[in-house]
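Visitor: Could you walk me through one part of this structure up close? I'd like to look at the metal site and what surrounds it.

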Amino acid sequence: MPLEAGLLEILACPACHAALREEPAADGQDAELRCTADSGCGLAYPVRDGIPVLLVDEARRPA
Ligand SMILES: [Zn+2]
């Protein structure tokens, strides 16, 4: 399920407040929102049933 248009523009990484980018999830599940900060956290937040879960505790950390 695609995210609602415009939603990404108002969302920010809860860890470093950088913009987020929608990416296909590596595991074939729903998309995830990846932090775009060049020197930031790089966390990837899951999207479950079309709803972004912007919780640091739920985020996937970069390898
Ligand atoms: Zn971040």
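**A close look at the zinc site**

Guide: Start with the sequence, where the residues that donate to the zinc ion follow the spacing C-x2-C-x18-C-x5-C. C13 sits in the loop between α1 (7-10) and β1 (20-23), while C41 sits in the loop between β2 (32-35) and β3 (44-48), so this pair ties together parts that are 28 residues apart in sequence. Keep in mind that you're looking at a predicted model. Its chain has a mean pLDDT of 86, with 89% of the residues at 70 or more. Confidence is lowest in α1, with a mean of 84, and highest in β2, at 93.

Now zoom in on the metal. Four sulfur atoms hold the zinc ion: the SG atoms of C13, C16, C35 and C41, at 2.2 to 2.3 Å. The angles among those four donor atoms run from 98 to 122 degrees, and the site is tetrahedral. Two of the ligands are worth a look for their exposure. C13 is buried, with a relative accessible area of 1%, whereas C41 is partly exposed at 26%.

From C13 and C35 you can step straight into the nonpolar core, since both belong to the largest one. That core has 11 residues; alongside the two cysteines are L3, L11, A18, L20, L33, L43, Y45, V47 and A59. The elements that give it two or more residues are β2 and β3. Pick out L11 while you're there: setting aside residues up to four places away in sequence, L11 touches L20, L33, P52 and L54. Of these, L20 and L33 are fellow members of the core.

Next, follow the strands. β1 and β2 run antiparallel and are joined by four bridges; one pairing to find is E23 with E32 in β2. β2 also runs antiparallel to β3, this time with three bridges. There, R34 has A44 in β3 as its bridge partner. As a rule, side chains in a regular strand alternate between the two faces of the sheet.

Last, swing over to the helix. L7 is in α1 and is partly exposed, with a relative accessible area of 22%. Look across from L7 to P52: the two are 45 residues apart along the chain, yet their C-alpha atoms are separated by 9.7 Å. P52 should ring a bell, as it is one of the residues that L11 touches.

Notes. Residues numbered from 1 in each chain as written. Predicted model: local features only at pLDDT ≥ 70, side-chain atom pairs only at ≥ 80, totals over all residues. Heavy atoms only, no water. Donors = N, O, S within 2.8 Å, 3.2 Å for Na, K, Ca; no water. Tetrahedral: all angles 85-135°; square planar, octahedral: opposite > 155°, others 65-115°. Buried < 20%, exposed > 50% of the residue type's maximum accessible area, 1.4 Å probe, protein only. pLDDT = per-residue confidence, 0-100. Core = buried A, V, L, I, M, F, W, Y, C linked by side-chain atoms within 4.5 Å. Contact = heavy atoms within 4.5 Å. Pairing = 2+ DSSP bridges.
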